[in-house]
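Trainee: I would like to go through this structure and ask what stands behind each label. Please show me the model.
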Amino acid sequence: MTAERVHESLRDGARASEAWANVRPIRTILLATDLTPASREATDRAIDLAGRLEARLLIVNVLEKRRLTGGGSHARVDQARGERESLLVNVVRGARDAGVTAEFLVWEGDPGDSIASAAEAEHADLVVVGTRGRSGAERMLLGSVSDHVVRHAECPVLVVRPPQRDGDGA
């Protein structure tokens, strides 16, 4: 290696070090989960990252009242909240078993907006959210929570795709 290349490499290394010095440390990871099998990969990734980074894991589930049958009556909302809380306790236990500090929140409202708002309110440094891997046409018709979070969250967002199954062709 020539002396010129050595100096160039050192300059590039110094620039990289300066860039990393300005990166905010990841102390709180917000995992957005709908508690379905489709979000399992995102849950596993968030727990792994929180463990590696020694970060707090905040698990958020959004209760979308309009999706509850009967227009979201008070009794149905309370029942849905209770069911989700018991499932969230299991996720917290799994994280804690992996040595991660974890807790959960249940928010009410539109999933995309609620996740972005929760990330801001809880000062999350990173949001981890799963995606169902819908096609462009499906996303246009059904919307995409992960797309909304990427566009509206004030911190970086990691979108975790489900594992490829044999025969998917993708």
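Trainee: Why is Thr-43 called buried?

Mentor: Buried means under 20% relative accessible area. Thr-43 has 3% relative accessibility, so it counts as buried. Keep in mind that this is a predicted model. Thr-43 is found in helix 2. Beyond its neighbours within four places in sequence, Thr-43 is in contact with Leu-31, Thr-33 and Val-91.

Trainee: What makes Thr-131 buried or exposed?

Mentor: The cut-off for buried is under 20%. Thr-131 stands at 15% relative accessibility, so it counts as buried. This residue is found in the loop between strand 4 and helix 5 (136-142). Its contacts, leaving aside neighbours within four places in sequence, are Ser-146, Val-159, Val-160, Arg-161 and Pro-162.

Trainee: Why is Pro-25 called partly exposed?

Mentor: Buried is under 20%, exposed is over 50%, and partly exposed is in between. Pro-25 has 41% relative accessibility, so it counts as partly exposed. Pro-25 lies in the loop between helix 1 (3-21) and strand 1. The C-alpha atoms of Pro-25 and Leu-126 are separated by 9.6 Å. Along the chain, these two residues are 101 residues apart.

Trainee: How do you know that strand 4 is largely enclosed by the rest of the structure?

Mentor: Five of the five residues of strand 4 are buried, so the label follows. Both faces are covered. Leu-126, Val-128 and Gly-130 are buried on one side, Val-127 and Val-129 on the other.

Trainee: What makes strand 1 and strand 4 a pair?

Mentor: Two strands pair if DSSP finds at least two bridges between them. Strand 1 and strand 4 are joined by four bridges, and they run parallel. Ala-32 stands opposite Val-129 in strand 4.

Trainee: How many bridges lie between strand 4 and strand 5?

Mentor: Four bridges, again against a minimum of two. The pairing of strand 4 and strand 5 is parallel. Here Gly-130 stands opposite Val-160 in strand 5.

Trainee: Which residue stands opposite Ile-59, and how many bridges join strand 2 to strand 3?

Mentor: Ile-59 stands opposite Phe-104 in strand 3. Seven bridges join strand 2 (residues 56-63) to strand 3. These two strands run parallel.

Trainee: What is the order of the strands in the sheet?

Mentor: The order is 3-2-1-4-5, in an open sheet of five strands with parallel pairing. The edge strands are strand 3 (102-108) and strand 5 (157-160).

Trainee: Why are strand 3 and strand 5 called edge strands?

Mentor: Each pairs on one side only. Neighbouring strands of this sheet are turned by 25° against each other on average, direction ignored.

Trainee: Which strands does helix 2 lie across?

Mentor: Helix 2 (residues 40-53) lies across strand 1 (28-32), strand 2, strand 4 (126-130) and strand 5. It runs at about 175° to strand 1. Helix 6 (residues 145-152) lies across strand 4 and strand 5. Its angle to strand 5 is about 165°.

Trainee: How do you know that the buried residues of helix 6 line one face?

Mentor: Ser-146, His-148 and Val-149 are buried in helix 6. Seen down the helix axis, the buried residues fall within an arc of 160°, so they line one face. These residues pack against helix 4 (111-121), strand 4 and strand 5.

Trainee: Which residues have the most contacts inside the largest nonpolar core?

Mentor: Ile-29, Leu-31, Leu-57, Ile-59 and Val-128, in a core of 22 residues. Two or more residues each come from strand 1, helix 2, strand 2, helix 3 (74-97), strand 3 and strand 4. Helix 3 gives the most, with six residues.

Trainee: What does Val-128 touch?

Mentor: Not counting residues up to four places away in sequence, its partners include Ile-29, Leu-31, Ala-46, Leu-49 and Leu-158. There is also a second, separate core of 14 residues. Val-60, Val-62, Ala-119 and Val-129 are among its members.

Trainee: What pattern does the protein follow along the sequence?

Mentor: The pattern reads α-β-α-β-α-β-α-β-α-α-β. That comes to six helices and five strands. Of the 170 residues, 32% are buried.

How values were computed
Residues are numbered from 1 along each chain as its sequence is written. This is a predicted model: local features need pLDDT of at least 70, side-chain atom pairs count only at pLDDT 80 or more; totals for chains, interfaces and linings use all residues. Side-chain values use heavy atoms; hydrogens and water are left out. Axes are lines fitted to C-alpha atoms, for helices over the stretch in contact, and angles run from 0 to 180 degrees between N-to-C directions. Contact means heavy atoms within 4.5 Å. Buried means under 20% relative accessible area, exposed over 50%, partly exposed in between (1.4 Å probe, protein chains only). A nonpolar core is a set of buried Ala, Val, Leu, Ile, Met, Phe, Trp, Tyr and Cys residues joined through side-chain atoms within 4.5 Å. The arc is that of the directions from the helix axis to the C-beta atoms.
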